[in-house]
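Here are a few friendly notes to read with the model open beside you. Take the points one at a time and find each residue as you go.

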Amino acid sequence: QVQLVESGGGLVQAGGSLRLSCAVSGRTFSSLDMGWFRQAPGKEREFVAWSRSITTYYPDSVKGRFTISRDNAKNTVYLQMNSLKTEDTAVYYCAARLRSGRSASDAAAYDYWGQGTQVTVSS
């Protein structure tokens, strides 16, 4: 149905930046709600960002630091992460669903997931 391939993770010092990418295929890109989630070892999967067209939504934990965006020509969604903190360390996943009125922040409301990419923020 929908395939998601993530890239861009790595090791960065606190205060630094990374940009994650998620290449999308299988469905019309504009028909999809896109989300980013993260999960640290031993912790629950946490909502990071949501996008529908040019509309976005973020939790307070990342608002003002992270930006989700789309490049429609490349069928790619990005997560720009600035002012990174050690507590941002996690595996980051992109997620997708057909445009829906379901919760933006609930992982169970998404149908398709990427493989994850590790982000490690050092102090």
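1. Which residue in S3 stands opposite leucine 4? The partner is valine 24. Strands here are DSSP runs (E, at least two residues), numbered from the N terminus. Before going on, note that this is a predicted model: local features need pLDDT of at least 70, side-chain atom pairs count only at pLDDT 80 or more, and totals for chains, interfaces and linings use all residues. Residues are numbered from 1 along each chain as its sequence is written, and side-chain values use heavy atoms, with hydrogens and water left out.

2. Now look at the strands around that pair. S1 and S3 pair in the antiparallel sense over five bridges; two strands count as paired if DSSP finds at least two bridges between them. They belong to an open sheet of four strands, in the order S1-S3-S8-S7, with antiparallel pairing. At its edges are strand S1 (3–7) and strand S7 (66–71), each pairing on one side only.

3. Next comes the disulfide (a pair of cysteine sulfur atoms within 2.5 Å). By this rule the count is one. Cysteine 22 and cysteine 94 form the disulfide, with their sulfur atoms 2.1 Å apart. Cysteine 22 sits in strand S3 (residues 18–25) and cysteine 94 in strand S9 (residues 90–98), so the pair ties together parts that are 72 residues apart in sequence.

4. Two more details on this pair. The torsion about the S-S bond of cysteine 22 and cysteine 94 is about 55°, so the disulfide is right-handed. Cysteine 22 and cysteine 94 are both buried, that is, under 20% relative accessible area (exposed is over 50%, partly exposed in between; 1.4 Å probe, protein chains only).
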